[in-house]
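Visitor: Hi! Could you walk me through this one?
Guide: Happy to. Let's bring it up first.

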Amino acid sequence: MTVTYIQHVHTAGRLGTLRLLTIWKGGVVKGIWRDLLLYLILYAGISITYRLGFRDEGIKSGFERFCVFMDKFDEYIPLGFILGFYVTQVVNRWWTQVMTIPWLDTLCMNLASYLPGVRMKNTRRLITRWAMLANILTLRRVSTSVVKRFPTYEHLVETGLMTEKEMKKLEKLDKTTEGLHATAWYPIQWAQVILRKAKENGSITSDLLFQELQKNLQDISSGNGTLLMYAWVNIPLVYTQLVTIAVHIYFFVTLFSRQYLNPTPHTQMGGPGGDYAPVPAGTPDSVNLVGYDLNIQDYYVPFFTILQFIFYFGWLKVAETLINPFGEDDDDIDANYIIDRNFQIGYLMVSAEDDDEEPEEDTYGDTIPPASLPHTVSSYKNKEPAPVLPTDNLHLSEQAMMLNNPEHPVFSQLQITTTSPRSSPSLDVKQNHAVIEMIKSKPHDSIPNKEEGVSSLPVAKESDQTSSKTSEPDEDIENTKELTTLI
């Protein structure tokens, strides 16, 4: 159950991939060898019967015509499309169910944090057991391996997962529902009640913590419900039947369409319009009347048909295995391991006592850790350089990095000209270059002195305001002339 193999392929390479082909459990050979053996036996039986058993020319030519007919129309079955789409849907369902399986880690860690202390230890363990019981009640409805392990409520009582009193409550609920509905929600409800009581007596100090614990229980109940829904609502049966029939009929057809034939050559007697009579092989101007392509060489073993069988039947076996992930196939989910792991790890999480010891000192004290932690000799051989991002190696020239000062008159004029509807892209580029060259030749006009602080324009004295107003038009005219000359 749940074949794990990636430990054999630490790195990509031929040896690792070839090693995977030798794994028997869960492999393609184990899945299809019986079907392939049956197919080869049938193919060989038909071939031997044709080669050695058909002595009558009429029966032989009739069989050959049937094989040619099958070969002409076998591609009418859209096997690749319907099988590929079906397997895609099955794999998606399988992975969704894998990710839906509830784990108790979040609930148990929150219980240990939000309900601390020895006094609440029994409450934490009780909630953990009820959450686990709800999960097992769900898995008993969907997993054959789990229901074989816990076939009755008495088995749950004997293993300590449930008490006699709780069993009577569940039996009463089953009698009320006549066994028609799942009752996995009932233990979750018990856990919610005990959480409410803990909130009322002040053991849970915050409404937020109470809501978080309730949400953890609801997530477990929701996951159980999703598993039950997937077990109830399957891929439509007609599609599963259609795919299975298509694959088997296709390869039944290939038992005849892929046979190597040796039709008897014929020649027309008495000229045009005469009857055809059989002649020895190699007779000039002879033809075969069944329409078989004589250019096909007879190699006895249909290599490419065998490969096609392996691919398509292997694909079908994938779907058959994954359509019920809680079965007993090699690649099905090991639900019993999940039960064992969740139960023990959950109890370990909620049973830990509060540690009154002083916290450990920081291993680095007040210093900052190095940029790279030490390596062993083995890991240093595979050390990779630091990541390089797209703009790390982008270098700009000094001219390209010049800042745009919108208060400079040259940039103001550039803004006016670039926004004009009559300007063209080529003219804009020339203007940009002209302005940049002007600024480079007169840096004192756009870069302020250190003494002037942040502002790029000095504050004019009151006595100079009149003169500056009269000189501004002249400066704008001169700047415009310079810009026009440079362009």
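Visitor: How much area does the chain expose, and what share do carbon and sulfur atoms supply?
Guide: The chain exposes about 32,300 Å², and carbon and sulfur atoms supply 60% of that. Accessible areas here come from the Shrake-Rupley method with a 1.4 Å probe, and for residues only the protein chains shown count as cover. Keep in mind that this is a predicted model, where local features need pLDDT of at least 70, side-chain atom pairs count only at pLDDT 80 or more, and totals for chains, interfaces and linings use all residues. Residues are numbered from 1 along each chain as its sequence is written, and side-chain values use heavy atoms, leaving out hydrogens and water.

Visitor: And how many of the residues count as buried?
Guide: Of the 487 residues, 32% do. Buried means under 20% relative accessible area, exposed over 50%, and partly exposed in between (1.4 Å probe, protein chains only).

Visitor: So is Tyr300 buried or exposed?
Guide: Tyr300 is exposed, with a relative accessible area of 56%. Tyr300 lies in the loop between β3 (287-288) and α13 (303-322).

Visitor: New topic: how many helices and strands are there?
Guide: The chain has 18 helices and 3 strands. These are DSSP runs numbered from the N terminus: helices are H or I with at least four residues, strands E with at least two.

Visitor: How do β1 and β2 pair?
Guide: Strand β1 (residues 265-268) runs antiparallel to β3, joined by 2 bridges. With β2 (residues 276-278), β1 pairs in the antiparallel sense over 3 bridges. Pairing takes at least two DSSP bridges between two strands.

Visitor: Which residue is the bridge partner of Gln268 in β2?
Guide: That's Tyr276. In β3, His266 has Val287 as its bridge partner.
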